[in-house]
Amino acid sequence: MQIKSNQDVREYKEVVYFGMTLRQLIFSALAGAAALGVYLLCSRRMSMEAVSWLCVAAAVPFGAFGFVRWHGMPFERMVGVYIRSRLVLNRPLFFRPDNPLRQAVQTNSTKKGKVMKCSKAKRR
């Protein structure tokens, strides 16, 4: 007997407010606070266009931390993987799966022309 269950159970996210998770809600509030802080500090000293660009630049990192996911990783893990792959290892990381069938074919074909025959199993 099999019981069918939804495949998306692992990707369940509990919605807290406005259709956002708690993480998204916190980081969107931080983005709004950063933009408001930049506006209040720079609105009298600079033109409105420059202040608006600075507000966006201050809010984008917080929005990225709250909303951006890549291959199931949150933004801070993505940054860590990028730093590790570019600075620490000094080369990009690639995923290359092992293919045992291909390895077996290559080892058999590299032998000096010997053809290995499969013998049939003897039945009693």
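A disulfide is a pair of cysteine sulfur atoms within 2.5 Å. By this rule, the predicted model holds 0 disulfides.

**View 1. Cys42 and Cys55 are left without a disulfide bond.** The sulfur of Cys42 has its closest cysteine sulfur in Cys55, 7.5 Å away. With a cut-off of 2.5 Å, that is too far for a bond. The search from Cys55 leads back to Cys42, again at 7.5 Å. Cys42 is buried, at 17% relative accessible area. Cys55 is buried as well, at 12%.

**View 2. Helix H2 covers residues 48-67 and bends at Val60.** H2 has 20 residues. At 1.5 Å a residue, the expected span is 28 Å. The end C-alpha atoms lie 27 Å apart, so the two values agree. The bend at Val60 is about 30 degrees. A proline, Pro61, follows within four residues.

**View 3. The buried residues of H2 pack against two helices, H1 and H3.** Val51, Cys55, Ala58, Ala59, Ala64 and Gly66 are the buried residues in H2. Their packing partners are helix H1 (22-42) and helix H3 (75-88).

**View 4. The largest nonpolar core has 9 residues.** Its members are Ala31, Ala34, Ala35, Val38, Cys42, Val51, Cys55, Ala58 and Ala59. H1 and H2 each supply at least two of them. H1 gives the most, with 5 residues. One core member, Val38, touches Leu54, Cys55 and Ala58, leaving aside residues up to four places away in sequence.

**View 5. Phe27 and Phe65 form a stacked aromatic pair.** The structure holds 2 aromatic pairs, and this is one of them. The ring centres are 5.9 Å apart, with 20 degrees between the planes. Phe27 sits in helix H1 and Phe65 in helix H2. The pair links distant parts of the chain, 38 residues apart.

**View 6. Phe65 and Phe75 form an edge-to-face pair.** Their ring centres are 5.0 Å apart. The planes meet at 85 degrees, so the pair counts as edge-to-face. Here the link runs from Phe65 in helix H2 to Phe75 in helix H3, 10 residues apart. Phe65 is partly exposed, at 27% relative accessible area. Phe75 is also partly exposed, at 21%.

**View 7. Three phenylalanines, Phe27, Phe65 and Phe75, form one aromatic cluster.** Phe65 pairs with Phe27 in the stacked arrangement. Phe65 also pairs with Phe75, edge-to-face.

Methods. Residues are numbered from 1 along each chain as its sequence is written. This is a predicted model: local features need pLDDT of at least 70, side-chain atom pairs count only at pLDDT 80 or more; totals for chains, interfaces and linings use all residues. Side-chain values use heavy atoms; hydrogens and water are left out. The expected span of a helix is 1.5 Å times one less than its number of residues. The bend at a residue is the angle between axes fitted to the seven residues ending there and the seven starting there. Buried means under 20% relative accessible area, exposed over 50%, partly exposed in between (1.4 Å probe, protein chains only). Contact means heavy atoms within 4.5 Å. A nonpolar core is a set of buried Ala, Val, Leu, Ile, Met, Phe, Trp, Tyr and Cys residues joined through side-chain atoms within 4.5 Å. Rings of Phe, Tyr and Trp (its six-membered ring) pair if their centres lie within 6.5 Å; planes under 30 degrees apart count as stacked, over 60 as edge-to-face and the rest as tilted.
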